[in-house]
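Reader: Could you walk me through one part of this model in detail, starting from a single side chain and working outwards? I'm at the bench, so plain words and clear cut-offs, please.

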Amino acid sequence: MHAGEESDGLVVPAKPANEGGETRPEERVEGRGPAKGNTDRVSMRRAQDRESVVDGLSRVREAARRDKEARFTTLLHHVTLERLRESFYALKRGAAPGVDGVTWREYEVDLEIRLGGLLDRVHRGSYRAQPSKRTYIPKPDGRMRPLGIASLEDKIVQQAVVTVLNAIYEVDFLGTSYGFRSQRGAHDALDALAVGIADRRVNWVLDADILGFFDNLDHGWLRQFIEHRIADPRVLQLIRKWLTAGVSEDGEWSRTTQGTPQGAVISPLLANVYLHHVLDLWVAQWRKRCARGDVIYVRYADDFVLGFEHREEAERFRGELAARLAKFGLSLHPEKTRLIEFGRNAARDRERRGDGKPETFDFLGFTHYCGKTRKHGRFQLKRKSIPKRQRSLVQSVKERLRKRMHDPTADVGRWLSQVLRGYYQYHAVPDNIQALSALRTAVTKAWRHVLRRRSEKSRVTWRRMGQLASRWLPRPKILHPYPERRFYAKYPRQEPYAVMPHVRICAGGRP
C-alpha cells in the first residue's frame, strides 16, 4: 500500500493530484470547475431495467468505485416498489406522525395499494414533499434542540433514495468519517480516536463543534457538491423538494432557504456529503501539505476532534479552519471549540510548569482524560460518562418515578431495568465502571424516595431497598473491549495510516 491511498484508519489523506495536472477534489467543489457538462467525466447513462434490486445497486457501487469522476444520470429507476416496501419496514413503528398525521400502523393498512400510488407519483414527477413538523427536545445543556418530523410518505421515499445514493457515497467517503454510515457507529469513532492518541505523537487536541450546522447548511453549495456525482434530474429534483418544503410550527408554514431538518431521513446523508467536501478532503490535503508532525482526525456528523504533535501547527490549523468554514457559510461554536494540551506528555509538562492536571474534552457522550496504567504507570487515555449528562438522566428518571409513584413495584422495576440496561449498552466501556455504579446508586436512592412517599405509613428500609435493587436493577459490567482490540480487528494493521506515520510532504520526504 502506498501513501495517499484511502483507508478506514485514523488519518486518510486524499489522493494527490497527478503530475499531468488533474484537479484535486477540493478544487472541484469551490467553484474552480463546473459541476456539470465536463467532458472528462464518464456518465452512467443506461438503466439496467432487467436487473434485480440488489444486483442493480451492486453495479452502481462497482461503477462508482471504478471511476471516482463518474456522474450517474439514471438512478431513480432503482426506487422500486420492493425498495419502498423495505424502506417502510425500516422506519420506526412508534415514531411521531408529521403534518399529515398518518402513523405507521395506519399506513400499513392497504400498504401495497398505497405504495403503488406513491411509486407512480414519484416516477411521474407529481410527488410533492410536505413541510416538516417542528418540534423541540431538550439538550443536555438545558437548551432546546429543534427537530423536523417529516410526513410518513416523505420518510419512505427519502429512505429509498438514501439507500440508492449510499451505493455511490460509501465509496467516496473517507475513513475518518463515522457518523450515520453503514457498519460504522459512535464506538468506531471513539475507538479510532483512542488508538490515534495512544499510537501517534499527540500533544495537543482540538475539540471542535460547528455552530448550528444543520440550520446553516447552504443549499447552493450542497447542490454543487451533490452534482459532482449525481446527474439524474429527477433525483436532484426530489432533493430540492425536501430542502425547500418548509417547516410547519403551530399550524403556520415558513419557508426554508438554508439548512436541512434534524430528524429527516435524508439529512444525515446530505450532512455527510457537505462535510466530506468542506472538511474531510480539506483536512486531508492540509495535513499532507502543511503538517510536519503527526495529525489525527476523527469526525462524527458535525462533531470532530483533531490531535496534533506541535502546538504551532494546531494553532495555525484552527485559524485556517475558521476561514475554511466561513467560505461555506459555517462557523465554529465559540464555547465548544477548544485547543487543549493533551496526550502522553501533557501531565509531565504541565506539572513542570505548575499548570496543574491536563484538561479534559468531551466527545460522543464521554469525557476523555489523561490517565495511567495500574501496572507500569504509563500514559493511558481514559473515558467516563459525561457527568452533566448522567445527572440529567437521573433527573429525568426522578420525574418519571414521581408520575409512576402508585404503579405496581414490579412494573416500575422492569422499567428501571430497561433504562439501566440501555444506558450500560452504550456506556459500559473500560475505565467507566465507577460512573455506572454511581448511576445505579442514584437510581436506587430515587426509587426508595418515591416508595417512601406512597403513604405516611410506608416504611422502606435500606435492607428492603437492597432486595428490590438486587431483584430489578442490573449491576454494571464492562461490555465493550479496549479500543485497540476492536479497532485493529476491524481495520487491520497492514492498512495504510493505521499505525504508520504519514509522508512529510513539507519536509520533502519520509521521516
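Author: First, the vocabulary: helices (H or I, at least four residues) and strands (E, at least two) are DSSP runs, numbered from the N terminus. On that basis, Arg448 belongs to helix α16, residues 433–452. Bear in mind that this is a predicted model, where local features need pLDDT of at least 70 and side-chain atom pairs count only at pLDDT 80 or more, while totals for chains, interfaces and linings use all residues. Residues are numbered from 1 along each chain as its sequence is written, and side-chain values use heavy atoms, with hydrogens and water left out.

Back to Arg448. Its relative accessibility is 15%, so it counts as buried; buried means under 20% relative accessible area, exposed over 50%, and partly exposed in between (1.4 Å probe, protein chains only). Leaving aside residues up to four places away in sequence, Arg448 touches Val460, Thr461, Trp462 and Met465, where contact means heavy atoms within 4.5 Å.

Now the helix around that arginine. α16 has 20 residues and reaches 29 Å from its first C-alpha to its last, close to the 28 Å expected at 1.5 Å a residue (the expected span is 1.5 Å times one less than the number of residues). Its buried residues include Leu436, Leu439, Val443, Trp447 and Leu451. What covers the buried residues of α16 includes β13 (379–385), α14 (387–403), α15 (409–427) and α17 (462–472).

Further out, there's a sheet to look at. Four strands form an open sheet in the order β8-β9-β5-β10, with antiparallel pairing; two strands pair if DSSP finds at least two bridges between them. β8 (295–300) and β10 (338–341) are the edge strands, each pairing on one side only. From one strand to the next, the twist averages 15 degrees. (Axes are lines fitted to C-alpha atoms, for helices over the stretch in contact, and angles run from 0 to 180 degrees between N-to-C directions.) β8 and β9 (303–308) are joined by 6 bridges, and Ile296 has Gly307 in β9 as its bridge partner. Helix α7 (186–199) packs on the sheet, touching β5 (204–209), β8 and β9, with its direction at about 170 degrees to that of β8.

Another helix, α11, also lies across β8 and β9, at about 175 degrees to β8. In α11, 22 of the 24 residues are buried, so the rest of the structure largely encloses it. There's a bend of about 50 degrees at His276, taken as the angle between axes fitted to the seven residues ending there and the seven starting there.

Last stop, the aromatics. The whole structure has 21 aromatic pairs: rings of Phe, Tyr and Trp (its six-membered ring) pair if their centres lie within 6.5 Å, with planes under 30 degrees apart stacked, over 60 edge-to-face and the rest tilted. Trp221 and Phe225 have ring centres 5.8 Å apart and planes at 25 degrees, so that pair is stacked. Both lie in helix α9 (219–227), 4 residues apart, about one turn of the helix. With Phe328, the ring of Trp221 has a centre distance of 4.6 Å and planes at 65 degrees, so this pair is edge-to-face. Phe328 sits in the loop between α12 (311–327) and β10, so the pair ties together parts 107 residues apart in sequence. Phe328 has 0% relative accessibility, so it counts as buried. One aromatic cluster takes in Phe213, Phe214, Trp221, Phe225, Tyr274 and Phe328.
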